[in-house]
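This briefing concerns the arrangement of secondary structure in the model shown below. Please consult the sequence and the coordinates alongside the text.

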Amino acid sequence: MKLQFWGVRGSIPSVVNGDIIRSKIKKVLSCASAGDILDDQSIEQYLDSLPPSLISTYGGNTTCLEIRSKNNDLIIVDAGTGIRSLGNSILSEGFGTGKGKGHILFTHTHWDHIHGIPFFVPLYIHGNIFDFHSIHQNLEKRLAYQHSKHHFPIPFEGLKATKRYHEHKEEEKWEICGIQISQKSVKHPGGSYSFSFEEDGKKLIFCTDAEFNPQTIDRSIESYLDYFRNADILIFDTQYTLAEQIQKIDWGHSSASIATDIALKSNARKLILFHHDPSYTDEMLDQVFLRAVQYKSVFDSQKKSNLEILVAQEGMNLQL
Ligand SMILES: [Zn+2]
Ligand SMILES: [Zn+2]
């Protein structure tokens, strides 16, 4: 399996504005020595030596993940604004001429997970076939609602691709293109589902919009640990800091410290911090990362775990 992140934010897209770009440029220039900017090569080397948050951004689009099976079959998870660029990127794979086929899974239908649908070009092209999967009921009605003339100029019927709906039951397991899929309900207002993808002994868990609360985690976590167990990649909702999460009980999100604790307890190999708060700057996300690494060293003081922690970034590619 391969995966690529197209949207990593939660709640609402968050743009890098002119002030932020100016401040990044100022820091880059103030750190540079004369030897760093001698020629193209030295400039490239200098830029490569800087943290990604200084020369780039973790990204501002809302949730969208692309998964490819070993045969390159396409599975998309959630249709936040990140799906717009994903859609444009696959037009050359047959989706531009109505010969594309893919699956879209929905964790839930909060708008940050569906509001890229009206801008997903392959859905407008006759001949393409998309299979929509959800555990929530009435997915078609929920998606069509945002195409009401009050919200968007093009009606849902204007999406000319063939749309097939699959409503799965709680705890149901199924297979897409050789990938075994299972799911588990997680605490979130309106309900949300985590997905597990397994192919050739490799396991990817996508667990966003999921509240694992520091005050109740000891009581509730056991039933989840088996489901998370031995994930090669665990993508986890870390929208809040621990201090914020304590203030925002029942808002439906988790923190990097809880995610790190769960990743260690379930023996994950790689933890990806995900669903970044729209108010967090790239520098703040660096701090979230550093705190998660510190938590890991406290929880795993004997260094028994090989857990690697990463911050989800738009464009990030990973292979399992
Ligand atoms: Zn969300
Ligand atoms: Zn949500």
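The points below treat a sheet, a helix lying across that sheet, and a pair of packed helices. The model is predicted. Its open sheet contains seven strands, and the axes of helices α9 and α10 come within 9 Å.

**The sheet**
- Along the open sheet the strand order is β6-β5-β4-β3-β2-β1-β14, and the pairing is mixed.
- Strands β6 (162-167) and β14 (317-319) form the edges, each being paired on one side only.
- On average, and with direction ignored, neighbouring strands of this sheet are turned by 20 degrees against each other.
- Strand β5 (residues 129-134) runs parallel to β6, and six bridges join the two.
- His133 has His166, in β6, as its bridge partner.

**A helix across the sheet**
- Helix α4 (residues 82-89) lies across three strands, namely β1 (2-7), β2 (64-68) and β3 (74-77).
- Relative to β1, helix α4 runs at about 125 degrees.

**The helix pair α9 and α10**
- Helix α9 spans residues 256-265 and helix α10 spans residues 282-299; their axes cross at roughly 40 degrees.
- The two helices are therefore oblique to each other, and the crossing of α9 and α10 is right-handed.
- On the α9 side, the contact involves Ala256, Ser257, Thr260, Asp261 and Leu264.
- These residues meet Val288, Arg291, Ala292, Tyr295, Lys296 and Phe299 in α10.
- By class, the residues of the contact of α9 with α10 comprise six nonpolar, two polar and three charged.

Technical notes:
Residues are numbered from 1 along each chain as its sequence is written. Chains are lettered from A and ligands numbered from 1 in the order in which they are written. This is a predicted model: local features need pLDDT of at least 70, side-chain atom pairs count only at pLDDT 80 or more; totals for chains, interfaces and linings use all residues. Axes are lines fitted to C-alpha atoms, for helices over the stretch in contact, and angles run from 0 to 180 degrees between N-to-C directions. Helices (H or I, at least four residues) and strands (E, at least two) are DSSP runs, numbered from the N terminus. Angles under 35 degrees count as roughly parallel, over 145 as roughly antiparallel, 65 to 115 as roughly perpendicular and the rest as oblique. A crossing is left-handed if the near helix is turned anticlockwise from the far one by less than a right angle, and right-handed if clockwise. Two residues are in contact if their C-beta atoms, placed from the backbone, lie within 7 Å. Ala, Val, Leu, Ile, Met, Phe, Trp, Tyr, Cys and Pro count as nonpolar, Asp, Glu, Lys and Arg as charged, and the others, Gly among them, as polar. Two strands pair if DSSP finds at least two bridges between them.
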